[in-house]
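Subject: Structure handover

Hello,

Please find the structure below, with the sequence alongside. My notes on it follow.

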Amino acid sequence: MTVATSEPRRDAIVSVRDLQVRFQTSDRRATVKAVDGVNFDVRRGETFGIIGESGSGKTTIGRALVFLLKPSAGAILHDGIDPLALSRGQFQHHRRDYQIIFQDPNAALNPRMTILASVLEPLELARIGDRAARERQAREALERVGLPQEFGERYPHQLSGGQKQRVVIARALTLKPKLIVCDEVVAALDMSIRGDVLNLFADLQRDLGLTYVFITHDLAVVSHISERVAVMYLGQFVELGPTEEVAERPLHPYTIALLSAEPRPLPSSMRQESRIVLQGEVPSPIDPPSGCRFRTRCPHAQPLCAERVPEWRELEPDHWVACHFADRPNFSSHESAGEMP
Amino acid sequence: MGAGPPAQRKAEGARDDARPLLSVRGLGVRFKTAQGIWQATRRIDFDVAPGERIGIVGESGCGKTITGLSILRLLPGNFAGLDGRILFDGTDLASCSARQMRAIRGKRIAMIFQEPMSALDPVFTVGHQIAETLRVHSDVSYEEARAKTLEMLRRVGIASPERRIDDYPHQLSGGMRQRVMIAASLICGPELLIADEPTTALDVTVQAQILELLRDISETSKTALMLITHDLGVVAETCTRMITMYAGEVIEDATVDEALVRPLHPYTSGLLRSLPHLSPRHGRLPSIPGRCRRLPRCRPAAASAPAARTQ
Amino acid sequence: MARRSPVKVIGSRLVQALPMILLATFMVFALLKLVPGDIAVTLAGDNATDARITEIRQLYGLDRPSLVQYGAWLGHVVQGDLSQSLLTGEKVADSIGRAFPNTLLIVVIALVLALVTGIPMGVMAAIKPNGWIDKLISMIASLGVAVPGFWLAMILVAEFSLKLNWLPATGAKSFSASPIDAVRHALLPGIAIAAYGMAEVARQLRGALLEVLSSQYVRTLHAKGLSMSRILWQHGLKNVGVNLLTIISLLVNRMLAATVVIEAVFAIPGLGSLIVRGAIQRDFPIVQGVVFTMVVVVIAVNLITDLLCAAVDPRIEQ
Amino acid sequence: MTMTTRREAIALISGALASTTISGRAFAQAAPKKGGTLRISAPANPSSLDPATGGAGSDHAFLFTMYDTLVEWEFETLKPKPGLAESWKFTDPNTLVLNIRSGVTFHDGTPLDAEAVKFNLDRNRSDAKSNIKADLLSVDAVEVTGAQQVTLKLKTPDTALPGILSDRAGMMVSPTALKAVDGGVVTRKPVGAGAYAFVSWADGEKIVVKRNEKYWKPNRPYPDGIEFSIIPELTTGARSVSAGQNDLIYQLPPRQKAIIERASSVKVVHGPTLYVFQIFLNWSRPPFDNVKVRQALNFAIDREAFVKGALAGLAEPAYMNLPKSHWAYDAEVAKLYPYDPDKARKLLAEAGFKEGTPIEIGGYTDQDSVQREEILIEQLRKAGINVKFSNGTVAEASAAFFGAEKKGAGLLSAWTGRPDPSLTYSLMFTKDAYYNGGRAGVPPELEAAIKESRASEDIEVRRKAFSTVQRLVMENAFVVPLAFQFELVAMNKKVQGYRPNLLGKPKYDDVWLEG
C-alpha cells in the first residue's frame, strides 16, 4: 500500500508512518508480522478507536505507540518528534506524557501495596515535588476518578474490578499525560460498570484535554467513545474514518461483516435476516495471504484481490479504506449494515 | 411466571407439546462460605419445552451459571444444599442417584462452557474427547466412534476434519475449540444443551459463527437450548424466550420480543439502556446504581420482587 | 510448532551435556585436590617416611600440576579408558561395571515401589481433600519424608532379616546370574529408599491432581457423564503425567544420592560405596569415574524425562 | 598405623594373650575337620595384595592367608618362631643366616628356595615401588649360601630382623609371578606359598581364596577356602554375621560387643593387642616444646576411667607403648604417670603455662573418636587444661599433623604396633621419623638406646634396652598413651579354633568349620 499521508497533520499528537512490528516465533524459525505497514495520525484531544479481533495486531500497535515495543520499521512521532532519537534521560521524561492502561487491573496493581501507595508510585519514580505535594496530587487523582478518600488506605483485594480499574486510571493521571492508550480497559468489567467507567473516561477527557487511543474488540464500546475509528485485520488497517461514517456507511467488506456480526438486542420484527457470517478462520500472520489479506474470507473476492495489494486510499473525505472494490456499489454496505436501535 | 404449573404455560411456548422437557420448580442452591451458608439462588421456576431455545440473562454473580450447573448437578465443592425440583422428562434430577445422573449427563443433557481452551483436556486429541462422550454412554467400536466423530466435526463446520481429529486443543483457534466442544456435547444427540456463555471469550465474527451453529443445530436436531449469557444481543439473535435473573432470582420471564420491546422489569430496562451502543455516542450512558447483589438497586422494586411477568 | 526429530533432539542434548560432564568432573577433581589428605600417604603405607611419600608422589605422577593430572585423566577418558585405581590398580571401568548394576537395581526397585504405593496414595488423597483418608495419607507421607533412610533400613533389617530371616541383611547378587536372588538382596535397601519416594510421589501427585480436578475441563468431563474414577485415572493421571515424570527424574537423582548411605548400611558394593571408598582414600580416578557415570546417568534420565514429557503433553515442544 | 581408613583407626593390634574370654558356650570339643568355606566380613578393601607395595595395616588379614612369612610368631607372646625359615642364627652381630624349609613350593609350582628368598628380599629393600625398604635398611647384601640357605650381611647389628621378617618383609612372593607381571607388582595376581591360593578380587566387594592343597603344614588348612566380603560399615558387617550371611567379623569396636552378643548364633572372642590409643605430640613448638606441659598432660589423664568410658572396658590402660603382657614391658615405667590432676596443675604453673589457654589438637570425625575426645576434654579440664579438638577425616587430620602442614599441637589417634618393638620406637621417636610430627630432635641417649635394642640377640639385653627406651620416651613425655584396645572378633558358633593374637591382625591357622 502506498503511504498516502506522508505529511503529518499539524494537529497530530501521534503520527504513525508505515509501522511494522515483527516477532520471532518461540522456536525462532518464523517471523510473525504482527503489524505490517500501518499509517495514521491521532489528533490532539480526540479519541481514536482501533478495533480488531484477536490476533489482528491492535494490542501490538498500542504497545508500540508508547514504546513498550520497538518498531521493526517505520516511524512513530510524538508531537512531531521521534522519541527514539532522544537521550535516555529525555526519553524517560518524555514517556510520562504517553501512558498506557491495560485490560486487567489486577495485574497492574501490587496486591501488597495500598491503593494510595500504588498511585503515588509513578510520582515517586519520577521524583516530582516533595512528599506532601505528591500525596496531595495522588489524592486528587483518586478523587478525580471518583474514589472516596478512604480508598487510599485499602488494598486491591478489597476493591471491585471497576474500582481497581479506576485506581489504574488515577495512577496514569498522576503524571498528567497528554495521551493515554487504553487497551481493552473495560473488557473485564461487567456490563453495568462498563458504562460508569466509559463515562469517567469521557469526563476526564473533557476536563483535562486528554487524547485517547482506545483499543478494543468491542464495537459498541468503540463506537460510543471514539470520534474516529480504525478497523484492523491481520496486521493492517482496512478502514479508517469518523465513527459514524464507519458505523453507518462502512466501505470495507470486513468492516461490514464485523458490524453485521455484532449481536443486537432487537426484537425479531426489527431484525433483518441478511446477516453476514464470515466463513473460515483468520489466516496465520506468519504467512498472510497475498494481495488483500481479507480476500480468503471476503464474500466479494476477485482474482485481482490475490494479485495486488489494495491501495490505502481516502475514498471519502477523512474516510480511508484498503479495498480494490470499495467504490463499487454492488457490495456497498448501506443496506446490509442494518439500522441502529 | 411464579409457581404456575406447566399446564398453565401453554400459551407462551413456541411449541405446543404436551409437557415441557425441563421443568424447574422452586430451585434454590446454597453454598458454604467462610461467613456461613450463602443462599446463591432461590425460588427459581421455569420450563423449557422440547426444542425450545431460551436465554438466561443477568450480570455476573446473579446466579445464572449456578442455575445451569445445578440442573446437571455439577456444583462446586462448597455446595451445601439444594431445594426444589428439577423435573427432566418426568425424572427429578434433584433426587437422582449419582449413577443415574451420570447416565443423563452428556447423553440426554449436555453442557458447554465459556472458555473453550480450558474446557478441553489439553493432553487428549479433540477426536478422543469428542468420541469419549459417545463411548461412555454406548457400546461402540473404536472405528464407529471415530466415524461418528468425523461426522460431528463436519457437522459443526470444521474444515478438513480428517486432519483436525488428531489435533490437540492448543493447535486449534478459539472458535474451532468451541466447535469441538459443541461436537462433543452433541454426539450423543441430547435433548437439552446448556450453553454457559459459549461465545463470551470469542471474537465477534467468530461469535456470529458459533451462534449461527447453535441455532442451526437446535433447529435441525430439535435439541432444546438453554443459553446462559450476559449479552442481551446474543439472546436476541439466538433465542425465543428470555429469563432475566437478578440476585439469585428470576425477575422476568417473557418472549424475547416482549422483553426487549417492553421490558417490564426495571432491571431489564436498565440493562438495555446501559448498553453502549452504536448510535448514541453523544451523551452519557445511564448507570445502574450499586453493583453488589446484596444491595438492592432496582429502583421501583426490591431485588427480591417477584418476577414481573407471569403467565 | 514444527517438531524436531527425537534423534536430533538427543544429539543436540548430548552435545550440550559435554560441558556439564567436563565441569562436574573437573570440579570434583579440584575439590579432591583442595581438601587435605593425600593418596601418596596411603600408598606409602604404615611405615611411611617423608622421603618415601615424596618418592611415591613422583612415582605416581602426583607431583605434577593438578591441571596436568586432570588433563591426563581426560586424555584417557576421551580414548574410552577411565584409567585405574591408583591404590589397587583395578580398572575403574571394571569397578563401575560391577557396581553400577547393583545400584541400578536398588534404584529401579525403589522407584517402582515408590510409584506403586505413592500413586494410589496420591490419587486417594486427592479424591476427597481434607477427608480422613487424605489426612491419614498425609501423615504417612510426612513420616516417609521425615524418617531417615538409613534408620528405616536398620529397622527393616532387624525385622525382616535378623528376626524373621526372610531377606538377606547385606550384600548384593548379580542380576544376570540369579534375578530372584538379586532382587531379594536389593529389596530391603530398595524399600528403605522408596519410603521417601513414596511420600514425595503421594504429596506431589495429590497437589497436582487437585489442581487438575479444579480445572475447567474436569467440569466438562463430569458434564459428559464420565465417572470420577475414569476422570481420575485416565484424564487426571495423564494430565499430571508431566508432573509425575518430573518427580520421577528428581527422585532418580535423589535416590542415586541416597544409595551412598544405604549401600553402606547394607554392604552393597555399588556406586555409592565405590565413590565413598575413592573419596576417603583420595583415589581420584575412582571418584572421577563414578562422578562421570553419575553425571551421564543424570543427564540421560533428564533427557528421557524430557522426551517422555513431550510424548505425554502435546503442548511441550521439543 | 593411623593413616588410610577410619576402620584402621579402630582396629589394628598386637600383644600377648593375657585374657581370652569367650562369651556363650565354651568351644566344642570335637576334632577339627576339613571342608566348608569360611565367610569373613572384612572392614576394608586391601590397598594391595602385593606385600611389598601395599601400605595399610588392614591388608595383613588377607595377606597372611596367601603368603607365608620367613618367620612366624607365637600368637600369645609374639615370640618369633620358625616359618618358611626353619631356623635362623646371628653368626655374628652383622650376619644373619636363614635356613629355608625344603620342599615348599609357591602356588604356581615355583620352588621356594634360597634364590626365591633372595629375590624377594632384594626386591623388598631396593625396588622403587617397595614400601618396606625402610624395614630392611640394615641389610647390606643378601647372599645365597646354599640351595636352601641365605645369608644376610648387615650394615649395623639388627636383632629386630626376625621380627621384621614375620611381617610384610618376610612374605614370600613367587619370583615367577613377579617376573611375569608388567612392572613387577602382583597387586592383582598374588602368588604366595600360604595356606590359601588367590582366586579373585573384586575391589571393595569380595576377595576369594581357596585351599592350597600342597601346603607344607600338615593337615592345614581345614576350610576349602575363604570368602572375604568387604563391608566398611562395621555395624553392617556385624549384622551380616548375626544374620548368618558371614561367619566371622574382626576389628569390631568395643561398643559392638553388647549388641552382637544378643544374637544367639554368635560368639565373641577378645584379647589384648598392641593397638594403643594415644595423643601424638608435636614437641618442636609451644606449648609442647616444654617437657613440663607434656608431663602435665600425662598426669591429667585418668586412664582407668578412659578405658571404662570410651572403650566399654575392653582395653588395658596404657602408660607406655607396650602392654603389660609384652616381653619388653617395664612395670617401673608404668608408675611414672599416675592420675594426678593437682600435679598436672603444678607442672603447668612451673612451666609458666597460663591455665585455660586453649590447646588445639587434631582428631577424627567418626563417632567413636568424638566420644573419646569428649572424655578427654572433661578429664583435662579438671587439671586446668583447655583442649580444643579440630576434627577431620582420618586421612585429612593425619596428613595435616604428620605431613608438611604441621597442623595442631597434637593428634588424638592410635598406634597399631609392630612385631618388633624397636620399629615402634624408631618410627615415632627419632628425629625426622614420619610419625614424629614436629620432626624435632630427641635426647641422644634415646636414639642410642633404640639402636642398642637392635644390637643384641639376647632377649634380656634387649629387654633392658627397651626399658631405657620406654623410660626416656615417657620421662620426656613425647607421647600420651591412653589405652591398648582389645581385639574383638565375633563369629558364628560353627567357627572353631579361632585364637586372637597379640598383633591384632587375624590369622586363621587352626580355624575349622563345624557341621
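The largest cavity is lined by 18 residues, and those nearest its centre are Phe64(D), Asp68(D), Ala195(D), Tyr215(D) and Asp509(D). Please keep in mind that this is a predicted model. The space in the largest cavity comes to about 200 Å³. Helix α2 of chain D, residues 60-66, contributes three residues to the lining of the largest cavity, and no element gives more. Across the structure, 15 cavities reach 30 Å³ or more.

Chain C

The secondary structure of chain C consists of 13 helices and zero strands, so the pattern along its sequence is α-α-α-α-α-α-α-α-α-α-α-α-α. Along the principal axes, the C-alpha atoms of chain C fill a box of roughly 85 × 60 × 35 Å. Chain C has 318 residues, and 49% of them are buried.

There is a nonpolar patch on the surface of chain C, made up of Met124(C), Trp132(C), Ile133(C), Leu136(C), Met139(C) and Ile140(C). Together these residues have about 620 Å² of accessible area. Helix α6 of chain C, which spans residues 132-146, supplies the largest share of the patch, with five residues. Leu136(C) is located in helix α6 of chain C. Its relative accessibility is 40%, so Leu136(C) counts as partly exposed; the class runs between the limit for buried, under 20%, and the limit for exposed, over 50%.

Chain B

Strand β1 of chain B (residues 22-33) has two antiparallel partners, β2(B) and β4(B). With strand β2 of chain B (residues 36-48), β1(B) shares nine bridges. Within this pairing, Val29(B) has Thr41(B) in β2(B) as its bridge partner. Two residues separate β1(B) from β2(B), and the two strands form a hairpin. With strand β4 of chain B (residues 79-88), β1(B) shares eight bridges. Here Arg25(B) has Arg85(B) in β4(B) as its bridge partner.

Chain A

A hairpin is also found in chain A, formed by β10(A) and β11(A) with two residues between them. Strand β10 covers residues 313-316 and strand β11 covers residues 319-321; three bridges join them in the antiparallel sense. Opposite Arg313(A) stands Val321(A) in β11(A). In the turn, Asp318(A) has a positive phi of about 65 degrees.

Two cysteines of chain A may be worth a look when you open the file. Cys298(A) sits in the loop between α10 (253-261) and α11 (303-307) of chain A, and Cys292(A) is in the loop between α10 and α11 as well. Are they buried or exposed? Cys298(A) has a relative accessibility of 15% and therefore counts as buried. Cys292(A), at 11% relative accessibility, also counts as buried. Both values fall under the 20% cut-off for that class.

Two C-alpha distances go with these cysteines. Cys298(A) and His252(A) are 46 residues apart in sequence, with 9.8 Å between their C-alpha atoms. Cys292(A) and Phe151(A) are 141 residues apart along the chain, and their C-alpha atoms are separated by 51 Å.

Regards

Conventions. Residues are numbered from 1 along each chain as its sequence is written. Chains are lettered from A and ligands numbered from 1 in the order in which they are written. This is a predicted model: local features need pLDDT of at least 70, side-chain atom pairs count only at pLDDT 80 or more; totals for chains, interfaces and linings use all residues. Side-chain values use heavy atoms; hydrogens and water are left out. Two strands pair if DSSP finds at least two bridges between them. Helices (H or I, at least four residues) and strands (E, at least two) are DSSP runs, numbered from the N terminus. Patches are made of residues with over 30% relative accessible area and no salt bridge: like charges are joined within 9 Å, nonpolar side chains (Val, Leu, Ile, Met, Phe, Trp, Tyr) within 5 Å. Accessible areas come from the Shrake-Rupley method with a 1.4 Å probe; for residues, only the protein chains shown count as cover. A salt bridge is a side-chain nitrogen of Lys or Arg within 4 Å of a carboxyl oxygen of Asp or Glu. Buried means under 20% relative accessible area, exposed over 50%, partly exposed in between (1.4 Å probe, protein chains only). On a 1 Å grid over the protein atoms alone, a cavity is a set of points where a 1.4 Å probe fits but cannot get out, and a pocket is an open set with protein on both sides within 12 Å along at least five of seven lines; lining residues have an atom within 4 Å of a point. Grid points are joined across faces, edges and corners, and a volume is the space filled by probe spheres set on the points.
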